[in-house]
Amino acid sequence: MQLEIDLAGQRVVIVGAARASRRVVARYRAAGADVECVAAESFDAVDLAAARLVVLVGGGQDDMEAGETLQERCRNAGVLFSREAGAVGPGQVTLVGGGPGALGLLTLDAAAALRDADVVLYDRLAPTRDLAALAPAAELVDVGKLPGHHRVPQSGINDLLVQHALAGRHVVRLKGGDPFVFGRGSEELAACLAEGVPCRVVPGVSSAISVPAAAGIPVTHRGVSHLFTVVSGHAPLTDEEHLHLAGLGGTIVVLMGVSTLPQLVAGLGRAGMRPDMPVAVVERGYSASQRTTAGTLATIVTAAGSARCQSPAVLVIGEVVRVGLELQGGAMHLARLTESLAS
(Lines give C-alpha, C1' and ligand atoms only; values in the text may rest on other atoms or scores of the structure.)
Protein backbone atom coordinates (compact mmCIF):
# COMPACT_ATOMS: atom_id res chain seq x y z
CA MET A 1 0.00 0.00 0.00
CA GLN A 2 1.26 3.46 -0.88
CA LEU A 3 -0.33 6.55 0.63
CA GLU A 4 0.33 10.17 -0.29
CA ILE A 5 -0.12 12.75 2.46
CA ASP A 6 0.23 16.50 2.08
CA LEU A 7 2.66 17.42 4.87
CA ALA A 8 3.16 21.08 3.95
CA GLY A 9 3.08 23.03 7.20
CA GLN A 10 2.40 19.87 9.24
CA ARG A 11 4.46 18.89 12.28
CA VAL A 12 6.51 15.73 11.76
CA VAL A 13 8.56 14.22 14.57
CA ILE A 14 11.65 12.27 13.47
CA VAL A 15 12.92 9.86 16.13
CA GLY A 16 16.48 8.59 15.82
CA ALA A 17 20.18 9.43 15.86
CA ALA A 18 21.02 12.65 14.02
CA ARG A 19 23.49 11.13 11.55
CA ALA A 20 21.30 8.16 10.69
CA SER A 21 18.25 10.43 10.29
CA ARG A 22 19.81 13.10 8.09
CA ARG A 23 18.30 11.94 4.79
CA VAL A 24 14.89 11.31 6.29
CA VAL A 25 14.90 14.78 7.85
CA ALA A 26 15.91 16.37 4.54
CA ARG A 27 13.14 14.56 2.64
CA TYR A 28 10.38 15.68 5.01
CA ARG A 29 11.68 19.23 5.06
CA ALA A 30 11.72 19.19 1.27
CA ALA A 31 8.04 18.17 1.45
CA GLY A 32 7.35 21.35 3.43
CA ALA A 33 6.88 19.71 6.82
CA ASP A 34 7.70 21.38 10.14
CA VAL A 35 10.26 18.82 11.32
CA GLU A 36 11.27 18.16 14.93
CA CYS A 37 14.15 15.77 15.58
CA VAL A 38 14.44 13.86 18.86
CA ALA A 39 16.56 11.00 20.16
CA ALA A 40 14.70 7.78 20.91
CA GLU A 41 15.38 8.05 24.64
CA SER A 42 13.78 11.51 24.73
CA PHE A 43 10.60 10.61 22.89
CA ASP A 44 8.49 10.20 26.03
CA ALA A 45 8.90 13.92 26.70
CA VAL A 46 7.59 14.93 23.26
CA ASP A 47 4.17 16.55 23.06
CA LEU A 48 2.23 14.78 20.32
CA ALA A 49 -0.80 17.07 20.47
CA ALA A 50 0.15 19.02 17.34
CA ALA A 51 1.99 16.24 15.48
CA ARG A 52 0.64 14.79 12.23
CA LEU A 53 3.23 12.06 11.81
CA VAL A 54 5.96 10.33 13.85
CA VAL A 55 8.79 8.60 11.96
CA LEU A 56 11.11 6.12 13.68
CA VAL A 57 14.47 5.91 11.92
CA GLY A 58 16.54 2.75 12.35
CA GLY A 59 16.46 -0.98 11.78
CA GLY A 60 18.13 -2.70 14.72
CA GLN A 61 16.49 -4.90 17.35
CA ASP A 62 16.45 -2.08 19.89
CA ASP A 63 14.67 0.09 17.32
CA MET A 64 12.09 -2.63 16.72
CA GLU A 65 11.34 -2.92 20.40
CA ALA A 66 11.18 0.86 20.85
CA GLY A 67 8.94 1.03 17.82
CA GLU A 68 6.24 -1.02 19.50
CA THR A 69 6.09 1.47 22.35
CA LEU A 70 6.18 4.49 20.05
CA GLN A 71 3.52 3.07 17.78
CA GLU A 72 1.21 2.37 20.73
CA ARG A 73 1.63 5.91 22.02
CA CYS A 74 0.94 7.37 18.56
CA ARG A 75 -2.14 5.18 18.19
CA ASN A 76 -3.51 6.43 21.49
CA ALA A 77 -2.83 10.03 20.45
CA GLY A 78 -4.37 9.60 16.99
CA VAL A 79 -1.05 10.34 15.26
CA LEU A 80 0.24 8.54 12.16
CA PHE A 81 3.34 6.38 12.68
CA SER A 82 5.96 5.19 10.18
CA ARG A 83 9.36 3.52 10.14
CA GLU A 84 12.27 4.30 7.80
CA ALA A 85 15.75 2.88 7.44
CA GLY A 86 18.57 5.17 8.53
CA ALA A 87 21.75 6.12 6.74
CA VAL A 88 24.42 3.68 7.87
CA GLY A 89 27.96 2.70 6.98
CA PRO A 90 30.78 4.64 5.33
CA GLY A 91 30.52 6.91 2.33
CA GLN A 92 29.94 5.35 -1.03
CA VAL A 93 29.47 6.15 -4.71
CA THR A 94 26.73 4.88 -7.00
CA LEU A 95 27.19 5.35 -10.74
CA VAL A 96 23.68 5.63 -12.15
CA GLY A 97 22.55 5.42 -15.75
CA GLY A 98 19.59 7.75 -16.20
CA GLY A 99 18.53 6.53 -19.63
CA PRO A 100 17.76 8.88 -22.54
CA GLY A 101 16.19 11.53 -20.32
CA ALA A 102 12.59 10.34 -19.99
CA LEU A 103 11.60 9.92 -16.35
CA GLY A 104 9.68 6.73 -17.11
CA LEU A 105 12.87 5.03 -18.34
CA LEU A 106 14.68 5.57 -15.05
CA THR A 107 15.08 2.16 -13.38
CA LEU A 108 13.73 1.34 -9.92
CA ASP A 109 17.29 0.91 -8.62
CA ALA A 110 18.25 4.30 -10.03
CA ALA A 111 15.28 5.98 -8.33
CA ALA A 112 16.13 4.27 -5.03
CA ALA A 113 19.76 5.42 -5.22
CA LEU A 114 18.68 9.02 -5.88
CA ARG A 115 16.25 8.93 -2.98
CA ASP A 116 19.05 7.92 -0.61
CA ALA A 117 21.70 10.28 -2.00
CA ASP A 118 23.47 12.98 -0.02
CA VAL A 119 25.08 14.46 -3.15
CA VAL A 120 24.16 14.08 -6.83
CA LEU A 121 26.66 14.99 -9.53
CA TYR A 122 24.59 15.12 -12.71
CA ASP A 123 25.16 15.47 -16.44
CA ARG A 124 23.41 17.59 -19.05
CA LEU A 125 21.62 14.66 -20.72
CA ALA A 126 20.50 12.98 -17.49
CA PRO A 127 16.82 13.17 -16.41
CA THR A 128 17.17 16.40 -14.45
CA ARG A 129 13.72 17.99 -14.73
CA ASP A 130 12.40 16.20 -11.62
CA LEU A 131 15.75 15.76 -9.92
CA ALA A 132 14.87 17.83 -6.84
CA ALA A 133 11.90 15.54 -6.21
CA LEU A 134 13.83 12.36 -7.02
CA ALA A 135 16.68 13.27 -4.66
CA PRO A 136 15.02 15.45 -1.99
CA ALA A 137 17.81 14.96 0.56
CA ALA A 138 20.70 15.66 -1.77
CA GLU A 139 22.93 18.55 -2.73
CA LEU A 140 22.64 18.81 -6.53
CA VAL A 141 25.84 19.62 -8.44
CA ASP A 142 25.82 20.27 -12.20
CA VAL A 143 28.99 18.84 -13.75
CA GLY A 144 27.52 18.51 -17.25
CA LYS A 145 29.65 18.91 -20.35
CA LEU A 146 28.69 20.93 -23.41
CA PRO A 147 30.32 20.44 -26.81
CA GLY A 148 33.66 22.19 -26.54
CA HIS A 149 33.10 23.25 -22.94
CA HIS A 150 33.63 21.17 -19.80
CA ARG A 151 32.26 22.94 -16.74
CA VAL A 152 34.17 20.48 -14.56
CA PRO A 153 36.96 18.40 -16.15
CA GLN A 154 36.80 14.64 -15.74
CA SER A 155 39.64 14.65 -13.24
CA GLY A 156 37.70 17.18 -11.17
CA ILE A 157 34.59 14.98 -11.25
CA ASN A 158 36.66 12.02 -10.07
CA ASP A 159 38.03 14.10 -7.21
CA LEU A 160 34.55 15.25 -6.16
CA LEU A 161 33.27 11.68 -6.05
CA VAL A 162 36.12 10.58 -3.82
CA GLN A 163 36.09 13.63 -1.57
CA HIS A 164 32.37 13.46 -0.81
CA ALA A 165 32.47 9.71 -0.24
CA LEU A 166 35.47 9.91 2.10
CA ALA A 167 33.51 12.52 4.08
CA GLY A 168 30.87 9.82 4.72
CA ARG A 169 28.31 10.80 2.08
CA HIS A 170 26.39 8.69 -0.41
CA VAL A 171 27.29 10.19 -3.78
CA VAL A 172 25.23 9.46 -6.88
CA ARG A 173 26.85 10.14 -10.24
CA LEU A 174 23.87 10.54 -12.56
CA LYS A 175 24.56 10.15 -16.26
CA GLY A 176 22.46 10.04 -19.39
CA GLY A 177 22.10 6.62 -21.00
CA ASP A 178 24.32 3.94 -19.45
CA PRO A 179 27.46 4.77 -17.42
CA PHE A 180 29.59 2.35 -19.41
CA VAL A 181 28.47 3.35 -22.94
CA PHE A 182 30.65 6.35 -23.81
CA GLY A 183 29.91 7.65 -20.30
CA ARG A 184 33.42 7.38 -18.80
CA GLY A 185 31.87 5.46 -15.94
CA SER A 186 34.75 2.98 -15.89
CA GLU A 187 37.17 5.86 -15.26
CA GLU A 188 35.09 7.03 -12.31
CA LEU A 189 34.84 3.50 -10.97
CA ALA A 190 38.61 3.14 -11.19
CA ALA A 191 39.16 6.46 -9.38
CA CYS A 192 36.89 5.36 -6.52
CA LEU A 193 38.42 1.92 -6.16
CA ALA A 194 41.94 3.39 -6.20
CA GLU A 195 41.03 5.38 -3.07
CA GLY A 196 39.22 2.50 -1.37
CA VAL A 197 35.77 4.04 -1.88
CA PRO A 198 32.92 1.50 -2.24
CA CYS A 199 31.30 1.96 -5.64
CA ARG A 200 28.48 0.18 -7.42
CA VAL A 201 26.99 0.60 -10.88
CA VAL A 202 23.29 0.90 -11.74
CA PRO A 203 22.95 0.32 -15.50
CA GLY A 204 20.78 2.61 -17.58
CA VAL A 205 18.80 2.33 -20.80
CA SER A 206 21.29 3.25 -23.51
CA SER A 207 20.27 5.87 -26.05
CA ALA A 208 21.93 3.67 -28.69
CA ILE A 209 18.90 1.39 -28.54
CA SER A 210 16.17 3.49 -26.95
CA VAL A 211 16.33 6.60 -29.14
CA PRO A 212 15.99 4.68 -32.43
CA ALA A 213 13.13 2.76 -30.76
CA ALA A 214 11.46 6.05 -29.87
CA ALA A 215 11.43 6.81 -33.58
CA GLY A 216 10.09 3.35 -34.40
CA ILE A 217 13.42 2.09 -35.77
CA PRO A 218 14.57 -1.35 -34.55
CA VAL A 219 18.33 -1.84 -34.42
CA THR A 220 17.85 -5.48 -35.47
CA HIS A 221 15.13 -7.11 -37.56
CA ARG A 222 14.83 -10.72 -38.67
CA GLY A 223 16.00 -11.16 -42.23
CA VAL A 224 17.31 -7.60 -42.37
CA SER A 225 19.95 -7.08 -39.68
CA HIS A 226 21.25 -9.57 -37.13
CA LEU A 227 23.88 -7.28 -35.60
CA PHE A 228 24.40 -3.66 -34.68
CA THR A 229 27.52 -1.66 -33.97
CA VAL A 230 27.60 1.35 -31.67
CA VAL A 231 30.13 4.03 -32.58
CA SER A 232 31.16 7.30 -30.99
CA GLY A 233 30.98 10.15 -33.48
CA HIS A 234 32.72 12.59 -31.17
CA ALA A 235 35.77 12.60 -33.48
CA PRO A 236 36.11 11.62 -37.15
CA LEU A 237 36.87 7.95 -37.77
CA THR A 238 39.94 6.69 -39.61
CA ASP A 239 39.81 5.14 -43.10
CA GLU A 240 40.49 1.76 -41.52
CA GLU A 241 37.53 2.19 -39.15
CA HIS A 242 35.27 3.22 -42.04
CA LEU A 243 36.35 0.16 -43.99
CA HIS A 244 35.70 -2.09 -40.99
CA LEU A 245 32.22 -0.63 -40.39
CA ALA A 246 31.20 -0.85 -44.02
CA GLY A 247 32.32 -4.48 -44.17
CA LEU A 248 30.46 -5.62 -41.06
CA GLY A 249 26.99 -5.11 -42.45
CA GLY A 250 24.03 -4.91 -40.11
CA THR A 251 23.14 -1.64 -38.40
CA ILE A 252 25.46 1.20 -37.43
CA VAL A 253 24.36 3.42 -34.55
CA VAL A 254 26.36 6.59 -34.02
CA LEU A 255 26.18 8.63 -30.81
CA MET A 256 27.35 12.25 -30.70
CA GLY A 257 27.75 12.21 -34.47
CA VAL A 258 25.94 15.25 -35.86
CA SER A 259 29.06 17.39 -36.18
CA THR A 260 31.06 14.60 -37.87
CA LEU A 261 28.24 13.38 -40.14
CA PRO A 262 29.85 14.65 -43.37
CA GLN A 263 33.14 12.88 -42.64
CA LEU A 264 31.32 9.69 -41.64
CA VAL A 265 29.20 9.59 -44.79
CA ALA A 266 32.18 10.33 -47.03
CA GLY A 267 34.31 7.70 -45.32
CA LEU A 268 31.66 4.99 -45.54
CA GLY A 269 31.16 5.84 -49.21
CA ARG A 270 34.88 5.47 -49.90
CA ALA A 271 34.79 2.16 -48.02
CA GLY A 272 32.20 0.80 -50.44
CA MET A 273 28.86 1.35 -48.73
CA ARG A 274 26.19 1.82 -51.36
CA PRO A 275 24.80 5.36 -51.85
CA ASP A 276 21.16 4.35 -51.33
CA MET A 277 21.75 2.91 -47.84
CA PRO A 278 18.99 4.36 -45.60
CA VAL A 279 20.08 6.76 -42.86
CA ALA A 280 18.13 8.50 -40.10
CA VAL A 281 19.00 11.26 -37.64
CA VAL A 282 16.85 11.08 -34.49
CA GLU A 283 17.07 14.26 -32.44
CA ARG A 284 16.10 14.69 -28.77
CA GLY A 285 14.65 11.22 -28.31
CA TYR A 286 11.69 10.93 -25.93
CA SER A 287 11.32 14.69 -25.59
CA ALA A 288 8.36 16.76 -26.74
CA SER A 289 10.53 18.08 -29.59
CA GLN A 290 11.73 14.68 -30.84
CA ARG A 291 12.30 14.68 -34.60
CA THR A 292 13.51 12.22 -37.23
CA THR A 293 15.21 13.28 -40.46
CA ALA A 294 15.58 10.46 -43.00
CA GLY A 295 17.58 10.06 -46.17
CA THR A 296 20.25 7.87 -47.70
CA LEU A 297 24.02 7.84 -47.52
CA ALA A 298 24.01 10.05 -50.62
CA THR A 299 21.43 12.54 -49.35
CA ILE A 300 21.50 12.64 -45.54
CA VAL A 301 24.10 15.41 -45.23
CA THR A 302 21.95 17.74 -47.33
CA ALA A 303 18.77 16.63 -45.54
CA ALA A 304 20.29 17.12 -42.09
CA GLY A 305 21.65 20.51 -43.12
CA SER A 306 18.29 21.65 -44.47
CA ALA A 307 16.60 20.49 -41.26
CA ARG A 308 19.33 22.09 -39.15
CA CYS A 309 19.82 18.93 -37.13
CA GLN A 310 21.58 19.45 -33.82
CA SER A 311 22.79 17.35 -30.92
CA PRO A 312 21.73 15.49 -28.92
CA ALA A 313 20.94 13.10 -31.72
CA VAL A 314 21.47 9.48 -32.66
CA LEU A 315 22.36 8.43 -36.21
CA VAL A 316 21.11 5.11 -37.56
CA ILE A 317 22.57 3.65 -40.75
CA GLY A 318 21.18 0.48 -42.29
CA GLU A 319 18.15 -1.21 -43.80
CA VAL A 320 16.42 -1.13 -40.40
CA VAL A 321 15.73 2.55 -41.09
CA ARG A 322 13.58 1.52 -44.03
CA VAL A 323 11.86 -1.10 -41.85
CA GLY A 324 11.08 1.52 -39.23
CA LEU A 325 9.68 3.95 -41.79
CA GLU A 326 7.58 1.23 -43.38
CA LEU A 327 6.15 0.33 -39.98
CA GLN A 328 5.08 3.96 -39.69
CA GLY A 329 3.93 4.28 -43.29
CA GLY A 330 6.92 6.44 -44.16
CA ALA A 331 8.57 4.42 -46.91
CA MET A 332 7.12 6.69 -49.59
CA HIS A 333 8.46 9.69 -47.71
CA LEU A 334 11.95 8.18 -47.83
CA ALA A 335 11.67 7.50 -51.57
CA ARG A 336 10.43 11.05 -52.30
CA LEU A 337 13.15 12.55 -50.12
CA THR A 338 15.83 10.50 -51.86
CA GLU A 339 14.58 11.47 -55.32
CA SER A 340 14.20 15.19 -54.54
CA LEU A 341 17.62 15.51 -52.94
CA ALA A 342 19.34 13.52 -55.65
CA SER A 343 17.86 15.64 -58.45
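**Close-up views of a predicted model**

**Figure 1. Helix α7 and its buried residues.** Five residues of helix α7, which runs from 207 to 214, are listed here by name as buried: S207, A208, S210, V211 and P212. The model shown in this and the following figures is predicted. An α-helix has 3.6 residues a turn, so residues three or four places apart point the same way. The cover over the buried residues of α7 includes four strands: β12 (228–232), β13 (251–255), β14 (278–283) and β16. At the N-terminal end of the helix, S206 acts as a cap. A side-chain oxygen of S206 lies 3.1 Å from the backbone nitrogen of A208. Beyond the helix, α7 is followed by G216, which has a positive phi near 80 degrees.

**Figure 2. S210 within helix α7.** S210 has a relative accessible area of 5% and is buried, the cut-off for that class being under 20%. When neighbours within four places in sequence are left aside, the contacts of S210 are with P100, V205 and Y286. The view also includes V314, which is 104 residues from S210 in sequence. From C-alpha to C-alpha, S210 and V314 are 9.8 Å apart in space.

**Figure 3. G98 in the loop between β5 and α3.** This loop joins strand β5 (92–97) to helix α3 (108–115). G98 has a relative accessibility of 0% and counts as buried. Apart from residues up to four places away in sequence, G98 touches L106, P127, L174, K175, G176 and G177. S232 serves as a distant reference point: G98 and S232 are 134 residues apart in sequence, and their C-alpha atoms are 19 Å apart in space.

**Figure 4. H164 in helix α5.** The helix covers residues 154–166. H164 counts as buried, with a relative accessibility of 14%. Neighbours within four places in sequence are not considered in the list of contacts, which names V119, E139, R169 and V171.

**Figure 5. T260 and the backbone of G233.** T260 lies in the loop between β13 and α9, a helix of residues 261–270. The relative accessible area of T260 is 9%, and the residue is buried. Its side chain reaches the backbone oxygen of G233 at 2.7 Å. Residues up to four places away in sequence aside, T260 touches G233, H234, A235 and P236.

**Figure 6. R184, a residue with positive phi.** R184 is not a glycine, yet its phi is about 60 degrees. R184 is found in the loop that runs between β10 (170–175) and α6 (185–194). With 36% relative accessibility, R184 counts as partly exposed.

**Figure 7. R308 and the cis peptide bond at P312 in the loop between α10 and β16.** The loop lies between helix α10 (300–307) and strand β16 (313–317). R308 is placed in this loop and has a positive phi near 55 degrees, although R308 is a residue other than glycine. The relative accessible area of R308 is 69%, and R308 is exposed. P312 is found in the loop between α10 and β16 as well. The peptide bond from S311 to P312 is cis, with omega near 5 degrees.

**Figure 8. Whole-chain view of the protein, for orientation.** The protein has 12 helices and 16 strands. Its radius of gyration is 26 Å, whereas the globule rule gives 20 Å for 343 residues, so the protein is more spread out than a compact globule. The C-alpha trace spans about 85 × 45 × 35 Å along the principal axes. Of the 343 residues, 44% are buried. Among contacts with a separation of 6 or more, 67% are between residues 24 or more positions apart. The exposed area is about 17,000 Å², of which carbon and sulfur atoms supply 54%. There are 28 positive and 33 negative side chains, and the centres of these two sets lie 6 Å apart.

Key:
Residues numbered from 1 in each chain as written. Predicted model: local features only at pLDDT ≥ 70, side-chain atom pairs only at ≥ 80, totals over all residues. Heavy atoms only, no water. Helix = DSSP H or I, 4+ residues; strand = E, 2+ residues; numbered from the N terminus. Rg over C-alpha atoms; globule rule 2.2 N^0.38 Å. Buried < 20%, exposed > 50% of the residue type's maximum accessible area, 1.4 Å probe, protein only. Contact = heavy atoms within 4.5 Å. Areas by Shrake-Rupley, 256 points an atom, 1.4 Å probe, with all protein chains shown as cover. Lys, Arg positive; Asp, Glu negative; His and termini not counted. Charge placed at Lys NZ, Arg CZ, Asp CG, Glu CD. Polar contact = N/O pair within 3.5 Å; in protein donor to acceptor, adjacent residues only side chain to side chain.
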